[in-house]
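Got your viewer open? Let's take a short walk through this model, one selection at a time.

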Amino acid sequence: MERSNQLYNKAKKIIPGGVNSPVRACKSVGCDPLFIKKGKGSKIYSVDGDEYIDLVLSWGPLILGHAHPEVVKAAKQALELGSSFGAPTPWEIEMAELITDAIPSIEMVRMVNSGTEATMSAIRLARGYTKREKIVKFIGCYHGHVDHLLAQAGSGVATYSIPGTPGVPEQIVQHTLLAEFNNIDGVKEIFEKHGEDIAGVIVEPIAGNMGLVLPKKDFLKGLREITSKYGSLLIFDEVITGFRFCYGGVQNIFGIEPDITCLGKIIGGGFPVGAFGGKREIMEHLAPTGDIYQAGTLSGNPVAMAAGIATLKILKNQDYKNLEDYTHNLVKELNNIFKEKSIPVRINQFGSAFTIFFTEKDKIKNFEDAKTTDTNRFSHFFVHMRNSKIFIPPSNFECMFTSFAHDLKDMDKIIDSVQRINL
Ligand SMILES: *Cc1c(COP(=O)(O)O)cnc(C)c1O
């Protein structure tokens with residue numbers, strides 16, 4: 001850790017907290033960040049030369065593992081031809097075709113540079129289209145660091161107990177109505193009061209930022225019905241879930257069609273990319289066909305498009321069921337070990353994502369449940385895993401991910417490390 005620590009000390013002097021995104025600092029678990037030199041497949045390598053099995057995968061994007069040869073090749077080839085033109089390229093059409101083919105509710109799509117930009121633009125579109133101001137968001141759902149969406153967000157914000165954040169004027173969040181995830185009656189009440197003023201409801205269809213909370217049966221269906229009834233738009237934030245659990249969104253799995261879908265992470269193949277799309281009739285309200293302004297100097301960047309396209313093309317031929325089984329088996333083993341050790345634990349798993357909560361609760365249904373778990377124990381767990389050369393997120397709200405590059409040897413190593421744990 002010597003080189004890593006040296007770099008951290010240097011970074012802290014010129015980058016706030018030494019990092020360009022707060023959770024990376026690992027403060028919540030009392031650790032310092034690892035500085036990374038490179039990644040390959042399921043592994044990352046620190047600047048000190050240590051090899052770690054990576055269950056963070058850049059917080060979700062790298063479902064093919066690090067530096068997949070075909071993704072690297074595609075990005076390199078694109079880069080040779082120039083890095084950005086500020087004019088349309090054929091790649092953007094190919095990307096749009098891949099997305100609209102995979103997710104039927106998306107008839108038109110616009111590329112942006114991050115998930116944050118996707119949700120920010122989707123909300124503006126919903127407000128502009130409906131000519132209404134209010135937005136419903138769920139407590140514990142994270143939609144990037146958009147001003148009016150930071151109220152009661154999960155993940156980094158939750159870990160740092162920032163109730164929203166300084167720097168966001170009250171007038172901006174006054175149009176954000178907070179609802180409880182999985183509580184459709186609560187949403188109904190909000191609509192009875194404000195329905196005519198609500199532009200849209202934004203939701204993570206699987207809440208990946210409060211510890212992978214699945215929607216209760218009929219919750220998403222209820223949202224679809226209420227929003228349709230009141231003429232509000234239903235916005236699915238599939239920035240994590242898009243192409244993570246199947247070739248498409250979880251909307252394909254649940255059979256619910258939102259009006260607008262936000263994407264990011266996986267579709268960029270590890271590059272800074274986001275996208276939002278939906279019904280043609282709504283999307284055409286964006287400039288230049290419509291009057292709702294939205295733009296980006298680097299949007300649809302050719303190198304990012306090439307890497308994203310290569311990623312999606314590979315994913316199209318991958319067996320998601322295999323990855324799900326792999327993850328399920330891993331989680332089963334982990335559950336057994338914790339049981340043998342009499343450590344009360346609740347592992348949420350869906351497909352290739354899982355979270356570990358140290359708690360007696362047999363279910364984590366919402367953000368309140370997630371917040372009352374033993375984070376101290378989680379910190380010890382994090383430290384043990386890092387010492388055993390397994391890289392996991394420094395917060396129990398954040399998902400651990402597996403990738404198509406993870407193999408049985410990796411699984412054995414993870415199991416072996418948890419077996420040696422002493423909490
Ligand atoms: C990561 C994430 C975002 C934000 O994406 P960035 O690329 O970090 O801006 C938005 N919504 C969800 C559900 C996310 O997981």
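Before the first stop, a quick definition: a residue counts as near a molecule if one of its heavy atoms lies within 4 Å of it. Keep in mind that you're looking at a predicted model.

**Stop 1: the ligand's surroundings.** Select the ligand, then bring up the residues around it: Ser114, Gly115, Thr116, Tyr142, His143, Gly144, Glu204, Asn209, Asp237, Val239, Ile240 and Lys265. Try colouring this shell by class, and you'll get three nonpolar, six polar and three charged residues.

**Stop 2: polar side chains at the ligand.** Which side chains place an N or O atom by a ligand oxygen? Start with Thr116, whose side chain has an N or O atom 2.6 Å from an oxygen atom of the ligand. Next, click on Lys265: a polar side-chain atom there also sits 2.6 Å from a ligand oxygen. Now go to Asn209, where the distance from a side-chain N or O atom to an oxygen of the ligand is 3.2 Å. How much of the ligand does the protein bury? On its own the ligand would expose 380 Å², and the protein buries 83% of that.

**Stop 3: a hairpin.** Leave the ligand and select residues 43-46, which are strand β2, together with residues 51-54, which are strand β3. These two run antiparallel and are joined by three bridges. To see one pairing, pick Lys43 and look across to its bridge partner in β3, Ile53. Four residues lie between the strands of this hairpin, and Gly49 has a positive phi near 90 degrees.

**Stop 4: another partner for β3.** Finally, add residues 390-391, strand β13. β3 pairs with β13 in the parallel sense, over two bridges. Zoom in on Asp54 and you'll find its bridge partner in β13, Phe391.

Note on methods. Residues are numbered from 1 along each chain as its sequence is written. This is a predicted model: local features need pLDDT of at least 70, side-chain atom pairs count only at pLDDT 80 or more; totals for chains, interfaces and linings use all residues. Side-chain values use heavy atoms; hydrogens and water are left out. A polar contact is a pair of N or O atoms within 3.5 Å; within protein, one must be able to donate a hydrogen and the other to accept it, and residues adjacent in sequence count only if both atoms are side-chain atoms. Accessible areas come from the Shrake-Rupley method with a 1.4 Å probe; for residues, only the protein chains shown count as cover. Ala, Val, Leu, Ile, Met, Phe, Trp, Tyr, Cys and Pro count as nonpolar, Asp, Glu, Lys and Arg as charged, and the others, Gly among them, as polar. Two strands pair if DSSP finds at least two bridges between them.
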